[in-house]
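Here's a walk through one protein model, aimed at someone who likes to poke at coordinates. Have the viewer open while you read.

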Amino acid sequence: MTSDTSPQPIQSAKAAVESLTVVLGAALPDTLASADDPANALLHDAGVARAVVGRLRGEGSGVGNDGLCRWLYDAFQSNLPELQLAVLRFVPALAGVYMSRAVSRKPLAGFEAVLLALYAHAAAQRGSGEAETVSLPNLANPSVYHDAKVPPKTKAAEFDVAVLSPALEPHGTMRATRRARIVGAVLELYHGKLALMPLTSKMEFCEFCVAWAGNRSKLDDKPRVAAASEPDGAAAAAASEEKLRRVPLPWELFQPALRIVAHCLLGPTNSDELKTQATRAAECLYWRAAETMDARALLAARSLVRLSQMTEEPIPEPSFSGVETNMAELEAMRANILSTKN
């Protein structure tokens, strides 16, 4: 990626923090600069995250000479796992803003350089030509849960292999035809580290997911429109923003997005705010799938929405009434058996 300056490669987390101070143009908290683990402090510092996300979402961000994109690129290329994790924390804002602006064909060389670096790392991790698959039991084979309708005459039928993610081909440039695949692979990389991501990062992704899908859920039974009291100019601006942020969602982008939302919704979290935002994102994705009539996306999104409704239902507490009586009867029976043997 191009830049007005040629900064030195980042070789340590401390150097990354110092260079980020220059990029943001403001001093970072002393606790971050003097931390024993600067990368981990950077990952969880809410103030720095707000500053970085604000810059990524700001007007004019993502161009070829964007200093923040250069920092994200260099920090990830440092090959320091803890620093790469800090960069992945900003994937929701990076991918969210990029996809929203890419539909308008704006030059976004800075965003694309970072995304391509993340994609190349994901491809190298998986291996050349290796698809991500999962083996599913073949129902033609009997199991402890069911009998096969037609018993196999010879050897058991082989497992069914489902492809979760196709092989990642090497790409050095971003084109419209491969944009969804590249961003989808980056989301898969983010999903692999999702358990280590701070809450605010997950909230940001759910927010962008709602925008990508078109802001429609059961909470608002129709696409968002401006309030009747708004002036015509404000209504037109809101409609223009809505059209800009809604993006194409082919399966290679829809699936990883839904997997991340599912983790936010059903994963181990104590945040009701995150679950509420993830529920809205799941519903928006469902309505988007219903609109496009994509059978795979519709089935997956509907299943997630139903699971979210099941988790909202209270689980009845087990009743232990009569346990003491039953225990007394069991003790009496035991004593009777022992006396009979004697």
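A crossing of two helices is called left-handed if the near helix is turned anticlockwise from the far one by less than a right angle, and right-handed if it is turned clockwise. Keep that one in your pocket for the helix packing below. One caveat before going on: this is a predicted model.

**The overall picture**

The protein has 15 helices and 2 strands. Of its 342 residues, 40% are buried. If you take contacts between residues at least 6 apart in sequence, 75% of them join residues at least 24 apart.

**How H7 packs**

Two packed helices are described by the angle between their axes and the distance between the axes. Helix H7 (residues 91–102) is a handy place to try that out, with two partners to look at.

| Helix pair | Axes come within | Crossing angle |
|---|---|---|
| H7 (residues 91–102) and H8 (residues 109–126) | 10 Å | roughly 125° |
| H4 (residues 46–57) and H7 | 9 Å | roughly 10° |

Take H7 and H8: why do they count as oblique to each other? Angles of 65 to 115 degrees count as roughly perpendicular and those over 145 as roughly antiparallel, and the crossing is at roughly 125°, so H7 and H8 are oblique. The definition from the start now comes in: the crossing of H7 and H8 is left-handed. On the H7 side, the contact is made by Val91, Leu94, Val97, Tyr98 and Arg101, and on the H8 side by Phe111, Glu112, Val114, Leu115 and Leu118.

With H4 and H7, the crossing angle is roughly 10°. Angles under 35 degrees count as roughly parallel, so that is how H4 and H7 run relative to each other. Here H4 brings Val53, Leu56 and Arg57, while H7 contributes Ala93, Leu94, Val97 and Arg101. Look for Leu94, Val97 and Arg101 of H7 in both lists: they take part in the contact with H8 and in the contact with H4.

**H12 and its rings**

H12 has 16 residues and reaches 21 Å from its first C-alpha to its last, close to the 22 Å expected at 1.5 Å a residue. Its buried residues are Trp251, Leu253, Phe254, Gln255, Pro256, Ala257, Leu258, Ile260, Val261, Cys264 and Leu265.

The model has 4 aromatic pairs. One of them joins Trp251 and Phe254, which are stacked at 6.3 Å centre to centre with 20° between the planes. How far apart are Trp251 and Phe254 along helix H12? They are 3 residues apart, so about one helical turn separates them. An α-helix has 3.6 residues a turn, so residues three or four places apart point the same way. Phe254 counts as buried because its relative accessibility is 2%, with the cut-off set at under 20%.

Elsewhere, ring pairs link Tyr190, Phe205 and Trp212 into a cluster.

H12 also has a visitor from another helix. Ala180 sits in helix H9 (residues 179–192) and touches Pro250, Glu252 and Leu253, leaving aside residues up to four places away in sequence. Ala180 is buried, at 13% relative accessibility. Its C-alpha is 8.7 Å from that of Met99, although the two are 81 residues apart along the chain.

**H13 and what follows**

H13 (residues 272–292) has 21 residues and spans 30 Å from first C-alpha to last, close to the 30 Å expected at 1.5 Å a residue. Its buried residues include Leu274, Ala278, Cys284, Leu285 and Ala289. Just after H13 comes Met293, with a positive phi of about 60°. Met293 lies in the loop between H13 and helix H14 (295–312). Is Met293 buried or exposed? Exposed, with a relative accessible area of 63%.

**The loop between H5 and H6**

Ser78 is in the loop between helix H5 (67–77) and helix H6 (81–88), and so is Asn79. Ser78 is buried, with a relative accessible area of 16%, whereas Asn79 counts as exposed at 55% relative accessibility.

Ser78 touches Ile10 and Leu83, not counting residues up to four places away in sequence. The C-alpha atoms of Ser78 and Ser12 are separated by 7.7 Å, with their places 66 residues apart along the chain. As for Asn79, its phi is positive, about 65°, although it is not a glycine.

Definitions and conventions
Residues numbered from 1 in each chain as written. Predicted model: local features only at pLDDT ≥ 70, side-chain atom pairs only at ≥ 80, totals over all residues. Heavy atoms only, no water. Helix = DSSP H or I, 4+ residues; strand = E, 2+ residues; numbered from the N terminus. Buried < 20%, exposed > 50% of the residue type's maximum accessible area, 1.4 Å probe, protein only. Contact = heavy atoms within 4.5 Å. Phe/Tyr/Trp six-rings, centres within 6.5 Å; stacked < 30°, edge-to-face > 60°. Expected span 1.5 Å × (residues − 1). Axes fitted to C-alpha atoms, helices over the stretch in contact; angles between N-to-C directions.
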